[in-house]
Amino acid sequence: MAAQRNHSAVLVIGTGLAGCVTALRIAEQGIDVKLLAPAVERGSNSALAQGGIIYRAYDKDDARRLEEDIMTAGHNINHAPAVKFLAEEGPRAVDEILIERLEVPFDRKNKTHWDLTREAGHSSYRILHCADHTGNAIMECVYAAVRSNPCISVCEGCVAVDLLTSHHHSRGMTYRYQLEDQCCGAYVLNETTGEVETMLADVTVLATGGAGQVYLHSSNSRSAVGAGISMAGRAFARLMNIEFVQFHPTTLFYVEMQRFLITEALRGEGARLFAGGGDYFMERYDSRGDLAPRDIVSRAIVDVLLTSGEPCVFLDLGGVKQDLAARFPTILQSCLERGIDIRSEPIPVVPAAHYFCGGVLVDLRGRTSLNRLYCVGECACTGVHGANRLASTSLLEALLWGKAAGDDISATIKSGLDPCLRLYGEIEDWKALGDERNDDPALIAQDWATIRNTMWNYVGITRTGARLTRAFEELRDLSRHIHEFYRSATLSRPVVELFHGCQTAYLITQAALRNTNDLGCHHRI
Ligand SMILES: Cc1cc2nc3c(=O)[nH]c(=O)nc-3n(C[C@H](O)[C@H](O)[C@H](O)COP(=O)(O)OP(=O)(O)OC[C@H]3O[C@@H](n4cnc5c(N)ncnc54)[C@H](O)[C@@H]3O)c2cc1C
């Protein structure tokens, strides 16, 4: 059977906030967009967001203070123009897209005032939220707009396997001898047919989200295996800051794989951390106490746990003045389902891998170092976060860069971007590497266990040269082994995810080993 081969003006890979906003901006200009959406149960980090999205405080001069807060959290290795762009243009994008166009029902204090909240590292109340399910509320409105736009064709059950480039995938020599490489689409596994399709595109956008699932404990959705990093790395697009993995200090300590997040907004509203014997330890670690940035709080918790030998610390909600059922209904309900009533007892918490500060290097329009490839959202490195992310900046970054990339792509196409028809003719279809039906769940589970344990123990919150070297060696061997496995297996989603996850873990480890500084999320001793 001949492999499916098709062409679109724009191919967007990933249906989180960043991918959907990019697709919407382009489609609203009447340009056709193909949007890849893996199976629904793989989820997205966007829909999991609880705390909120940065907007603007009621006091004057908030953009400047926001810039300062972001730079402080990022240990001043942020890209200052990107921080300025986010602080100045971000709130306008919230107005234009989320409030006016999509009518997201953010909480209000009254008819004229939003109910703004605050999180760790913020010098003012500037965060919009929908109770504690902000991401879900935003994504419901975004999906409704995507579904009703006739220029967007959503390809469900489609998983990107690799980017297509003129240097790597053209048959003849003409394109291989050109100095500049260019992206012209992706190989995509269609889970319904089991076929790998050749999706050619004039412009390709990576929007595959984060990589938390390469760690043993993670707050991320199941889809966050670093697919974008792995594909961009293989295509030689420039990656940046990928050793900076942020750990969230407070996820529910409970027996389950995907850790349920306990939003920082609770500490913003007065909750305090304490260890077993009633020791409210945060003041000892930072003058900002419980509202210190995440890297500091996560490390303080690990330090307290190592000293005490306890498995978790606790969050005391006694100082929260708000009605928990009205302001934090998702957390209340989720904890009740696990036998913890947060109205009368503290919440047991531990840190977990949460956010990927680095990624594929992009400029203010989302362009990468590879021609015709854009990247938006958590898999991109805009430079906003530097060595550590300030809470609630990432939804805004996904929104703003989705808008900027979408507008740049529309303008480029409208000004006459040529489809590379000759090049498309030279691109080979996917050749099935293997025919063994060996996506055995036991083999895949064991390889994932090795990746996740290695990353958690050796490339986690506290890193040392010896730990990183050991991780590098183990992941290098595993990576070779998985490559062989990949070459002999019939392709399936679990095999593709394992391949992406292993490559990403290996890349993170290499970057962490190279960086001998101790900075922000990269805590090296
Ligand atoms: C529990 C939790 C709470 C958070 N709370 C907040 C908050 O309050 N405020 C804030 O600003 N940020 C928060 N964040 C971070 C924020 O949600 C994310 O950084 C942001 O939503 C990322 O958006 P995205 O579109 O880049 O990625 P995602 O929303 O993760 O979307 C990525 C998409 O790519 C798809 N995909 C992945 N691999 C492939 C592939 N190979 N082929 C095709 N598609 C693929 C996925 O299925 C998914 O649809 C939170 C994150 C988590 C996990």
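Which residue in β12 does R272 stand opposite? R272 stands opposite D316 in β12; the strands concerned appear in the third view below.

This is a predicted model, in which local features need pLDDT of at least 70, side-chain atom pairs count only at pLDDT 80 or more, and totals for chains, interfaces and linings use all residues. Residues are numbered from 1 along each chain as its sequence is written.

**View 1. The domains of the chain and the contact between domain 1 and domain 2.** The domain assignment gives domain 1 (5–243 + 357–419), domain 2 (262–350) and domain 3 (441–514); such bounds come from an automatic or database domain assignment. The C-alpha centres of domain 1 and domain 2 lie 30 Å apart. Their contact takes 15 residues from domain 1 and 17 residues from domain 2, where two residues are in contact if their C-beta atoms, placed from the backbone, lie within 7 Å. On the side of domain 1 that touches domain 2, four residues are nonpolar, eight polar and three charged. In this grouping Ala, Val, Leu, Ile, Met, Phe, Trp, Tyr, Cys and Pro count as nonpolar, Asp, Glu, Lys and Arg as charged, and the others, Gly among them, as polar.

**View 2. The shell around the ligand and helix α1.** Of the 42 residues around the ligand, G14, G16, G51, G209 and G377 come nearest; a residue is near a molecule or strand if its C-beta atom, placed from the backbone, lies within 6 Å of it. Elements that give two or more residues to this shell are α1, α2 (45–48), α5 (134–147), β6 (158–165) and α13 (393–414). The largest share, four residues, comes from α13. By type, the shell divides into 17 nonpolar, 23 polar and two charged residues. In helix α1 (residues 17–27), 11 of the 11 residues are buried, so α1 is largely enclosed by the rest of the structure. Buried means that 20 or more other C-beta atoms lie within 10 Å of the residue's own; exposed means 12 or fewer, and partly exposed lies in between, with C-beta atoms placed from the backbone. Helices (H or I, at least four residues) and strands (E, at least two) are DSSP runs, numbered from the N terminus.

**View 3. The open sheet of β10, β13, β12 and β11.** Four strands form this antiparallel sheet in the order β10-β13-β12-β11. The edge strands, β10 (245–252) and β11 (272–274), each pair on one side only; two strands pair if DSSP finds at least two bridges between them. Six bridges join β10 to β13, and in β13 the bridge partner of L252 is V349. β11 and β12 (residues 313–316) pair over three bridges. Eight of the eight residues of β10 are buried, so β10 is largely enclosed by the rest of the structure.

**View 4. Strand β7 and its partners.** Seven of the eight residues of β7 (residues 183–190) are buried. Six bridges join β6 to β7, which run antiparallel, and V159 stands opposite L189 in β7. Strand β8 (residues 195–206) is also antiparallel to β7, with six bridges; here V188 stands opposite E197 in β8. β7 and β8 form a hairpin with four residues between them, and G194 in the turn has a positive phi of about 80 degrees.

**View 5. The surroundings of A232.** A232 is in helix α7 (residues 227–234). A232 counts as buried because it has 28 C-beta neighbours inside 10 Å. Leaving aside neighbours within four places in sequence, A232 is in contact with L206, A237, L239, V360 and C375.
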